[in-house]
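Q: Hi! Could you walk me through the salt bridges in this one?
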Amino acid sequence: MKRNLSNASVISLITAAIITVSTLFVPWWGMKFYAPQYPEGLDIIVYPSTLAGDIDIVNSLNHYIGMAIFSNESFPELQWMPYIVIAFFVLILIVALLRRKSFLYGLIALFVIGGIIGIWDMYRWLKEFGTNLDPMAPIELEPFIPPIIGENTIANFVTHSYFLFGGYLLVLVFILLVFPLWKDRAK
Amino acid sequence: MTTKRIISAVLGIVAGLLVAVVFFADFNQASENASGDLKSKAEKVYVPYGELDEYYMMSSGGHSGQLFVYGIPSMRKIRTVPIFTPDPATGYGYSKETKEMLGGFTWGDFHHPAISETAGDYDGEFLFANDVGNNRVAAVDLSTFTTVDIMSLPNMGGPHAGVFVTENTEYIALPTRFARPLDNKYADLDKYEEEYKGVVSMTTFDKETKKFDLAYQIVLPPWSYDLSDAGKKMSGDWIVMTTYNSEFATTNLEINASQNDRDYIVLVNWKKLEEEVAAGNYHDVNGAKMIDPRDHKGAIYAVPVAKSPHGVDVTPDGTRYIAAGKLAPMMTVFSFEKTFEAIEKEDFTDEKFGIPVLSYESVMEREVDPPGALGPLHTQFDDKGNAYNTMFISSEIVKWNIETGEVIDRTPSYFSPGHAAAAEGDTVSPDGKWLVSLNKISKDNFLSVGPSHPESMDLIDISGEKMEHIMAVPVDPEPHYAQIVHRDKIKTVTVYEKDENRENSVWKQEDARVERKGDEVHVYGIAMRSRFIFDAQSDRPDAVTVKEGDRVFFHLTNIDLDQDITHGFGINEYDLNFEVQPGQTSTLEFVADKAGVYPIYCTNFCSALHQEMSGYLLVEPK
Ligand SMILES: [Cu+2]
C-alpha cells in the first residue's frame, strides 16, 4: 500500500477529526428575532442533537401566524446527526492512519456532499415552516422563506440567521482536510 | 526645498492635532465637570429613558395596608404591592392562597417596613411589615414583590413600635402600642396597672419555607411602646424602645399621658431572653411562650428620657442611641458604652415596675436642642457621622453632628414631616446621598382634589455640606416610614420557575382537564397567549359547565414563560378576578351559587388578541 501523506498532513487530519467530534457540544446555527417588545431578542439555537434558546416563546408567538411547532421531535435529523458526526470522526481517523491520498479525495468528496445535503435540508425546513402556514391562523401572512444566512422581516419581527461556532468549526475542518492536498502536492 | 519640506511637515502635524482634538476631545466631559455643582435640580432627578433609578424606596402605605415602591432620585412610583389589603388588579385576596393569608381581614395599618439584614446591612431578600390595626406581621419576597406570609400575633395591642430586625434578621420584633390584658381576657380599665400588659413579639422567619414563627413574647409594664430599634455591633444583643404613658392613663391620653416629665427608653437584652426561653423559663399564654424579663437578672433596664419621646434610633456604628423628643424639643444622645458601664456598676436611681432605672446623667452623652426646632420625631444617618431629624411642628429637617452635637444645617419641608428615610440610612453603612422627608401635609402644593389634600414627600440631596431641597411629590395616604435600598441589592426574578411537580399545575395543553369530586368541580387549566384551555378533550376547551351550588376550583397555570406576560381571569357578576404571572399556578375557589351563563375573560392585557382570550362559565340551574 502506498503511504503518500506526510506527517504534517496526518496531524492536520487528526486535528480535523478531533474538531469534528467536538462540534457535537457547540451550536451550529442560530436565528435571533427582534421586535419592539423584544429588544433583547429571542433566540433559536441549533445544536447537532437538540434545539435550544427561547423555543417555547417563539412557538407561542408563531401560533399567531399559524407556523408549526418547533421541537426536537419535529426534526428527526437531530436524532441521527450525532452518528453522522461520529462517523466522519472515525472516517477521518482511518484516512489519517492509512495515509492514502486517494482515500482523502473520497473523504473530501463525502464531506462536501454531506455539507450540501445539510444546507439543502435546512432550506427545505425553512421553506416548509415559512410557507406551510395554518390557514386558520388569526394573522394572515404571505408565505415566506427565512434565509440560512441574513436578515428577514416577518410582521413586527426582524430575524437574523447565521452560522454559530460549530458551523465555523466545520469550515475549519474542511480547510484541515484539504490542507494535505496542498502540503503533499506533487512537486 | 528644505523650507518647503519643513513647512509641509509642520502643517501636517498641526492638521493631525486638529483632527485629533475634533474627533477625540470630550468637550462634554469638561463642561460637565465644570458645572457639577451647578447641576440644576431637574437634572439631578432626571432619569433618561433607558436608564434606571439608583435606589428603590420601600414606603409603608399606612392604613391602605399596601407597600408603595418608588424609584429614587426620580421619585416615580413604580409599584403598589398589596400586603394587608385585597387588590383586584393582582387578584390578591381573591385567589385561594392569598385569601387564606388575609384571614378575612380587609385592611391593615402598615407603619414601618424593615428590609432583611445581614451583618446590619440590607440584604434585599425580604421586607417585613407590621399591622398596627390587626396585630399581624407580613413578609414580602423582594424577588417577586409579593406577600408570601402573614402571621397573626396573640396578646398584642397594635404592634406600632415594630417592625425592626436584629443584626442578622434573627428576629423580627414587634412591640405593642396599646396595653391589653393577656390571653384576650376581659379586665376593667380600673385594673389597668395590674391587669394590662405591654408585649413584644419576637418572631422568626424561615427564608426557605418563607414562613413566620412566633419564637417568644416579652411581657412588659402597661406603658405604651412607641418606636424601637435593634442594636448593632457592640450593642447587637439589645433592643431599645421608647415609651409614653408612664402615667398609666386610661382616658384622654393627649392630656393624661403627657403629665410626667420623664418617660423611658426600655432596653432589653434579647440574647439573654433567647437563652432563658431555650432553657424552658417561660409561661404559655394563648399559645405563645411568654417571658417576663424582670425574672432574669440583666435582661431589662430603663433609661429616663424627656417626656413622650417618639423615635429611638441606633447610630450606624452601634455605639449610641438617639431619642427624638416629640414633646421635648430636643434630641438626646445616649451612649451604649456608658449604659453598659452603669449596668456593670449597678448605677440605678430607681426601680419602676421592678425594672432598674439607670441614672440619666451617667448614660446621657448630650442633648441637642436647635433653637426654634420643634417636634423632633425620627433620626436618620449619613456616611459622615451626621444625623438628620424631622421636626414635625416646625416643618424642617435638621442636620447635626453626632460626635459634637453641632447643628450644621436646617432646611424646610412641605409640610409636617413624620418619618424621614435616608439612602440605606438605618444600616451599618449609610450611603449619604438622598433623604426623603415623608410629610403629613401638602397643603396647596399640588392641583386640588377637594377637601383632602394628598400627603407629600420631599427629596433632599444630602451629599454636600448643606442640604438641598430638590422636589416635592404627592403621595397616597399615608406613608409612615420608608427604607431606601440600593438597586444592586434587589434581585428580582422575571418569570416563575417551571415546576412540573407543583401541585395543581398543568404544563401541556393536552393535559388541561375538569375533574368532578362530589359537588366539587376542579378545573386544571392553562392560560396562554391568547386563550384559556380548561378541558382539552371538550369541543369547547374554554367553557366550563357546573351545577348550581357546586364548589368550583379554577387551578390556572400561565404556561407563557415570557417576561411580563401576565394573564388575568375575571368572571362576570361573580365579583371575582385573579391573575397568574408567567410560570405561576394560582387557584380560585368559589361557590357557583347563581345559575346562568357568565363570561370569563382575561383581565390583564396580554397580547393583540387579548380581547379574544375568553370563555364561559355555565351554571346549570338545580
Ligand atoms: Cu391573557
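A: Sure, here is a short chat about charged side-chain pairs and their burial.
A: This is a predicted model, where local features need pLDDT of at least 70, side-chain atom pairs count only at pLDDT 80 or more, and totals for chains, interfaces and linings use all residues. Residues are numbered from 1 along each chain as its sequence is written, chains are lettered from A and ligands numbered from 1 in the order in which they are written, and side-chain values use heavy atoms, with hydrogens and water left out.
Q: How many salt bridges does the structure hold over all chains?
A: There are 32 over all chains, a salt bridge being a side-chain nitrogen of Lys or Arg within 4 Å of a carboxyl oxygen of Asp or Glu.
Q: Which residue does Lys32(A) pair with?
A: Asp43(A), with the closest N and O atoms 3.1 Å apart. The pair links distant parts of the chain, 11 residues apart: Lys32(A) sits in strand β1 (residues 29–35) and Asp43(A) in strand β2 (residues 38–46), both of chain A. Strands here are DSSP runs (E, at least two residues), numbered from the N terminus.
Q: Is Lys32(A) buried or exposed?
A: Buried, at 18% relative accessible area; Asp43(A) is buried too, at 17%. Buried means under 20%, exposed over 50%, and partly exposed in between (1.4 Å probe, protein chains only).
Q: Switching to chain B, what does Lys498(B) meet in a salt bridge?
A: Glu500(B), at 3.9 Å from N to O. Lys498(B) is partly exposed at 37%, while Glu500(B) is exposed at 53%.
Q: Which residues do shared partners join into one network?
A: Arg320(B), Glu365(B), Arg366(B) and Glu403(B).

Notes
Helix = DSSP H or I, 4+ residues; strand = E, 2+ residues; numbered from the N terminus.
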